[in-house]
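Subject: Structure for you to look at

Hello,

Here is the structure I said I would pass on. Please open it beside this message and follow along.

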Amino acid sequence: MKRIITLSLLAAMLCVTAAGQSDRAKSRTELSLERQGMVDVQSRDKSIKVSLMYSRADNFTGTVLYTDLTRAYLHPKAAAALARAQQYLRKIRPDLSLKVYDAARPMSIQQKMWDKVKNTPEYFYVSNPARGGGLHNYGMAVDITLCTLDGDTLDMGTKIDYMGRAAHIDNEAALVKSGRISRRAMQNRQLLRKVMRHAGFKPLRTEWWHFNLISRATAKKYYKVIK
């Protein structure tokens, strides 16, 4: 009996320790996002894959922008919509998953991105913080792709932050005809749009990976910018 009580106490202590470690594991930025009302997308659906591209240097800036952010956060409404998209995808293609490359983005990071492209031909691919930023800065946009259940991304024709016409979605048939992207890549993009639209997201014309849940005007009127 004494041994059972001892084991029970030990198990309880381990649970408390694990909970404390989980809290401590959250970074300063992640805790800040939570205080501002954002939620971890994997808390809504743990099967959603996450690989934040700005936590690595292999993005269009060539630098690490998220020094202490590895979890993907969104506004609760957007996170719920993303979970619906994942559920729909798993229903029609159980061999695939959504994979998040960027989600809620603090305005300080938006400024660093803008500083990289301002006064260049690529300026229109990044929202200007001086004009209120974009939907990422409200937790209402997500950069996303499709992957296998092992996490291997599908061919989409370009890298996820490629700045050029090959990433545009308004004339993909011509991109296929000219050989700039494959027919398979076009079909994969179409599947991604089908899934995201089913959940209420709207695609961005110039970036096959970017989806907004609401309009910028609605965000500015009813929601707060992430600091």
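Below is what was found in it, starting with the sheet and ending with single residues.

Please keep in mind that this is a predicted model.

The sheet

Five strands make up an open sheet with mixed pairing, and their order across it is β2-β4-β5-β7-β6. The edges are taken by β2 (49-50) and β6 (202-204); each has a single partner strand, so one side of each has no neighbour in the sheet. As background, strands of a sheet pair through backbone hydrogen bonds, and the pairing is either parallel or antiparallel.

Both senses can be found here. Strand β4 (residues 96-102) pairs with β2 in the parallel sense, over two bridges. To find this pairing on your screen, look for Lys-49, which stands opposite Lys-99 in β4. Strands β4 and β5, on the other hand, run antiparallel and are joined by six bridges. One place to see this is Leu-96, whose bridge partner in β5 is Thr-148. The pairing of β5 with β7 is also antiparallel, over three bridges. There, Val-142 has Phe-211 in β7 as its bridge partner.

How enclosed is β5 by the rest of the structure? Seven of its eight residues are buried, so β5 is largely enclosed.

The helices on the sheet

Two helices that pack on the sheet are worth following. Strands β4 and β5 (141-148) are touched by helix α3 (residues 76-92), whose direction makes about 150° with that of β4. Helix α6 touches β4, β5, β6 and β7 (207-212), and its direction makes about 125° with that of β5.

These helices also meet each other. Two packed helices are described by the angle between their axes and the distance between the axes. For α3 and α6, the axes come within 8 Å and cross at roughly 130°. Because angles over 145 degrees count as roughly antiparallel and those from 65 to 115 as roughly perpendicular, this crossing makes α3 oblique to α6. The crossing is right-handed.

Which residues of α3 and α6 meet? From α3 come Leu-82, Ala-85, Tyr-88, Leu-89 and Ile-92, and from α6 come Leu-191, Lys-194, Val-195, Met-196 and His-198. By type, the residues of this contact are eight nonpolar, one polar and one charged.

Three single residues

Asn-188 lies in helix α6 (residues 183-198). Is Asn-188 buried or exposed? Its relative accessible area is 8%, and buried means under 20%, so Asn-188 is buried. Apart from neighbours within four places in sequence, Asn-188 is in contact with Leu-146, Leu-154, Asp-155 and Met-156.

Arg-71 is in the loop between β2 and β3 (73-74). With 23% relative accessibility, Arg-71 counts as partly exposed. Again setting aside neighbours within four places in sequence, the contacts of Arg-71 are Ala-25, Lys-26, Glu-30, Asp-40 and Leu-52. Arg-71 is 32 residues from Ala-103 in sequence, and 9.2 Å from it in space, C-alpha to C-alpha.

Lys-112 belongs to helix α4 (residues 107-117). Lys-112 has a relative accessible area of 48%, which makes it partly exposed. Its C-alpha atom is separated by 9.6 Å from that of Pro-129, and the two residues are 17 apart along the chain.

Regards

Notes: Residues are numbered from 1 along each chain as its sequence is written. This is a predicted model: local features need pLDDT of at least 70, side-chain atom pairs count only at pLDDT 80 or more; totals for chains, interfaces and linings use all residues. Side-chain values use heavy atoms; hydrogens and water are left out. Helices (H or I, at least four residues) and strands (E, at least two) are DSSP runs, numbered from the N terminus. Buried means under 20% relative accessible area, exposed over 50%, partly exposed in between (1.4 Å probe, protein chains only). Contact means heavy atoms within 4.5 Å. Two strands pair if DSSP finds at least two bridges between them. Axes are lines fitted to C-alpha atoms, for helices over the stretch in contact, and angles run from 0 to 180 degrees between N-to-C directions. Angles under 35 degrees count as roughly parallel, over 145 as roughly antiparallel, 65 to 115 as roughly perpendicular and the rest as oblique. A crossing is left-handed if the near helix is turned anticlockwise from the far one by less than a right angle, and right-handed if clockwise. Ala, Val, Leu, Ile, Met, Phe, Trp, Tyr, Cys and Pro count as nonpolar, Asp, Glu, Lys and Arg as charged, and the others, Gly among them, as polar.
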